[in-house]
Amino acid sequence: MPCFDPIELAEKVSKSVTRIVNGVEERKYYRFRGGKWYGGIATGDVVGCNLRCKFCWSWRYSYFTNKGHYYSPQIVYMKLSSIAERRKYRYVRLSGGEPTLSRKHLLSLLELFEETNLLFILETNGILIGYDKQYAEELSKYRRLIVRVSFKGTTSEEFEKLTGADRRFYDLQFKALENLIDAGLKPGYQVYPAVMLSFSPEENIQKFLERLKEIHPVLPEEIDPEYVILYPHVRELLRKYGLKPRIAYTPKGIPDFMI
Ligand code: SF4
């Protein structure tokens with residue numbers, strides 16, 4: 001299968017998951033939930049993504065955009081803050097797909113959380129923030145925001161193999177960190193890297209850490225490692241692409257297989 005351009009795909013997907021109603025940008029979501037991550041967090045799962053990760057746990061909603069319902073930032077704010085209040089959480093987030101695809105929607109939502117005590121974790125692949133410095137500058141205005149840039153592999157070759165996107169776009173993930181730090185976000189606290197390590201040999205991980213260090217010395221220390229969780233629908237996807245993780249976990253957190 002030929003590699004794709006994730007910026008072009010972002011434009012296309014954005015059109016099918018975003019709509020304007022009375023001047024307000026609405027985004028498609030497929031569910032709202034509470035959960036144990038980050039010690040307790042209210043989550044809105046969005047539809048649509050500009051990558052096609054072959055280990056994606058939400059591929060039925062990130063690859064395809066026909067499911068889900070449109071919500072305004074105001075309704076999303078109400079849903080997330082009510083889950084957080086009921087369960088006494090400190091955090092809210094968008095997950096499931098790529099939240100940066102609906103820019104105005106995301107910025108309006110962040111604006112609403114500015115007046116709360118909740119912290120908003122933006123989980124992103126960082127491609128659009130790396131591509132457009134101004135996007136990072138716009139995000140930097142929000143005091144309740146923490147950005148978690150999730151790298152898809154530790155080298156450009158891994159990135160291409162894992163996501164299907166052209167390897168030339170891998171650097172945009174590093175650029176996202178740079179743009180956000182340049183815009184004033186504090187590295188290690190307001191912005192930090194996560195990385196999928198299930199498929200990476202040790203030498204590639206070392207090279208990756210060196211690259212992070214060149215951006216800011218604190219970043220390799222604040223990394224959030226990610227490993228594939230072998231839900232049945234994730235196993236199905238890995239099998240389809242003939243991809244075998246070196247390290248993976250069962251949904252109960254038990255190491256599954258190492259090759
Ligand atoms: S970037 Fe995230 S949501 Fe998008 S395909 Fe990859 S794992 Fe799934």
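Into which domains is the protein divided? There are domain 1, residues 6-226, and domain 2, residues 227-259. Keep in mind that this is a predicted model.

Let's start with how the domains sit. The C-alpha centres of domain 1 and domain 2 are 22 Å apart. Their contact draws 11 residues from domain 1 and 14 residues from domain 2. Which elements help form the domain 1 side? α2 (59-62) and β9 (224-226) each give at least two residues to the side that touches domain 2. Sort that side of domain 1 by class, and you get seven nonpolar residues, one polar and three charged.

Next, the ligand. Which residues surround the ligand? Take them in order along the chain. We have C49, L51, R52, C53, C56, S58 and S62. Then come G97, E98 and N125. By class, this shell holds four nonpolar, four polar and two charged residues.

Now a helix pair, α3 and α4. Helix α3 covers residues 73-87, and helix α4 covers residues 103-113. They pack at an angle of about 45°, and their axes are 9 Å apart. Are they oblique or parallel? An oblique angle is one that is neither roughly parallel, roughly antiparallel nor roughly perpendicular, so α3 is oblique to α4. The crossing of the two helices is right-handed.

Who meets whom here? From α3, we have P73, Q74, V76 and Y77. Facing them from α4 are H105, S108, L109, L112 and F113. By class, the contact of α3 with α4 counts six nonpolar residues, three polar and no charged ones. Compare the shell around the ligand, where two charged residues do appear.

That's the tour. Questions, please.

Note on methods: Residues are numbered from 1 along each chain as its sequence is written. This is a predicted model: local features need pLDDT of at least 70, side-chain atom pairs count only at pLDDT 80 or more; totals for chains, interfaces and linings use all residues. Domain bounds come from an automatic or database domain assignment. Two residues are in contact if their C-beta atoms, placed from the backbone, lie within 7 Å. Helices (H or I, at least four residues) and strands (E, at least two) are DSSP runs, numbered from the N terminus. Ala, Val, Leu, Ile, Met, Phe, Trp, Tyr, Cys and Pro count as nonpolar, Asp, Glu, Lys and Arg as charged, and the others, Gly among them, as polar. A residue is near a molecule or strand if its C-beta atom, placed from the backbone, lies within 6 Å of it. Axes are lines fitted to C-alpha atoms, for helices over the stretch in contact, and angles run from 0 to 180 degrees between N-to-C directions. Angles under 35 degrees count as roughly parallel, over 145 as roughly antiparallel, 65 to 115 as roughly perpendicular and the rest as oblique. A crossing is left-handed if the near helix is turned anticlockwise from the far one by less than a right angle, and right-handed if clockwise.
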